[in-house]
Each structure stands twice: as C-alpha cells, then as structure tokens.
Amino acid sequence: MAHEPLVTVETADFSVTHVLALDDDADTVEDVDAVIRARNGIGWTATCMTPRKIAEVMDDRATTGECADGLYLRIPDLVIVREGGLDAMTRALVDLFAKYGMDTDVLPRFDDEEDEDR
C-alpha cells in the first residue's frame, strides 16, 4: 500500500505525527510510534499498540529468546489502545493529555530548545 510514512494530525492542543511502516494501513494499524508536539514546542513520544499486537510481539520474542524468552515487554512510552487505526490512537492521546494536561511527564518528554543548546 503506497502512502506517506508520516501522518500528522492537528488537535486543539497539539499535533501528533504517526510514523507508519510501508505496509501499514492507517485505518487498521496496531503498532505505531508517534511524536506529540504542543504549541509551545514541548514534545513527547508515544508507542501505541493494541493488546493483540502486544501478544504477537511477546510471542515472537518467546521464539527469539529476547526479553527472557518473551516473559516481559518493556516500552517506556507505551499507550495501549483497544482498537487499531490512527483515529483511535489519536483519540487516546487527546484523552490522555486532557486528563493530565499539557505540562505532564506521563510520556517521555523532549524539548527542541533544550536539544539545540546541547
């Protein structure tokens, strides 16, 4: 499926850029990395995954030997969504920031200004 690999969605408080793989369908994708950027430039990262995809990754790691043979999965910026698709993932992020506010550390945070100073 030919599509743009970066899909940016504007919300009232932030933009979210979803990073799609070449074979991902925006309506059904179950595992997406995202960059959330507030209007003031502060940003966060998120990995949105469905429970089905989490089980698939853990089962795969059981065969590869990673993560103690699939015993665990650690993703620091994980947001678990019940259903796939960019719409559901964006709605989850909108709700997350509505609950915790735009000055939150609920997800790993970055600030472009701090990065430029390094």
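Which side chain does a polar contact of 2.5 Å join to that of Thr-50? In this predicted model, the partner is Glu-30, and I shall begin with that pair.

Thr-50 sits in the loop between β4 and α1. With a relative accessibility of 2%, Thr-50 counts as buried. Setting aside residues up to four places away in sequence, Thr-50 touches Glu-30, Val-81, Glu-83 and Gly-84. Two of these names, Glu-30 and Glu-83, will return in a moment as salt-bridge partners.

Let me turn to the charged pairs. In general terms, side chains of opposite charge can pair when their charged atoms come close. The structure holds 8 salt bridges, and I shall discuss some of them.

Glu-30 pairs with Arg-52 in a salt bridge, at 3.0 Å from N to O. Arg-52 belongs to helix α1, residues 51-64, whereas Glu-30 lies in the loop between β2 (14-19) and β3 (31-38), so the pair ties together parts that are 22 residues apart in sequence. Both partners are partly exposed: Arg-52 has a relative accessible area of 47%, and Glu-30 has one of 21%. For Glu-30, please note that buried means under 20%, so a value of 21% leaves this residue in the partly exposed class.

Next, Arg-91. The side chain of Arg-91 meets that of Glu-83 in a salt bridge of 3.8 Å, N to O. Arg-91 also forms a salt bridge with Asp-87, where the closest N and O atoms are 2.7 Å apart. Asp-87 and Arg-91 both lie in helix α3, residues 86-100, at a separation of 4 residues, about one turn of the helix. As for accessibility, Asp-87 is exposed at 53%. Arg-91, at 47%, counts as partly exposed, and so does Glu-83, at 44%.

A further network involves Glu-30 once more: salt bridges that share partners join Glu-30, Arg-52, Lys-53 and Glu-56.

I now come to helix α1 itself. How far apart are its end C-alpha atoms? They are 20 Å apart, which agrees with the 20 Å that the 14 residues of α1 should span at 1.5 Å a residue. The buried residues of this helix are Lys-53, Ile-54 and Val-57. Around the axis they cover an arc of only 105°, which puts them on the same side of α1. Lys-53 thus appears twice in this account, as a buried residue of α1 and as a member of the salt-bridge network.

Against which elements do the buried residues of α1 pack? They pack against β3, β4 (42-49) and β5 (78-80). The face turned away from this buried side carries the exposed residues Asp-59 and Thr-63. Just after the helix, Gly-65 takes a positive phi of about 90°.

Finally, I return to helix α3, which holds Thr-90. Is Thr-90 buried or exposed? Thr-90 is buried, with a relative accessible area of 9%. The side chains of Thr-90 and His-18 are joined by a polar contact of 2.9 Å. Leaving aside neighbours within four places in sequence, Thr-90 is in contact with Val-9, Thr-11, Val-16 and His-18.

To close, I would draw attention again to Glu-30. Its side chain makes a polar contact with that of Thr-50 and a salt bridge with that of Arg-52.

Terms used. Residues are numbered from 1 along each chain as its sequence is written. This is a predicted model: local features need pLDDT of at least 70, side-chain atom pairs count only at pLDDT 80 or more; totals for chains, interfaces and linings use all residues. Side-chain values use heavy atoms; hydrogens and water are left out. A salt bridge is a side-chain nitrogen of Lys or Arg within 4 Å of a carboxyl oxygen of Asp or Glu. Helices (H or I, at least four residues) and strands (E, at least two) are DSSP runs, numbered from the N terminus. Buried means under 20% relative accessible area, exposed over 50%, partly exposed in between (1.4 Å probe, protein chains only). The expected span of a helix is 1.5 Å times one less than its number of residues. The arc is that of the directions from the helix axis to the C-beta atoms. Contact means heavy atoms within 4.5 Å. A polar contact is a pair of N or O atoms within 3.5 Å; within protein, one must be able to donate a hydrogen and the other to accept it, and residues adjacent in sequence count only if both atoms are side-chain atoms.
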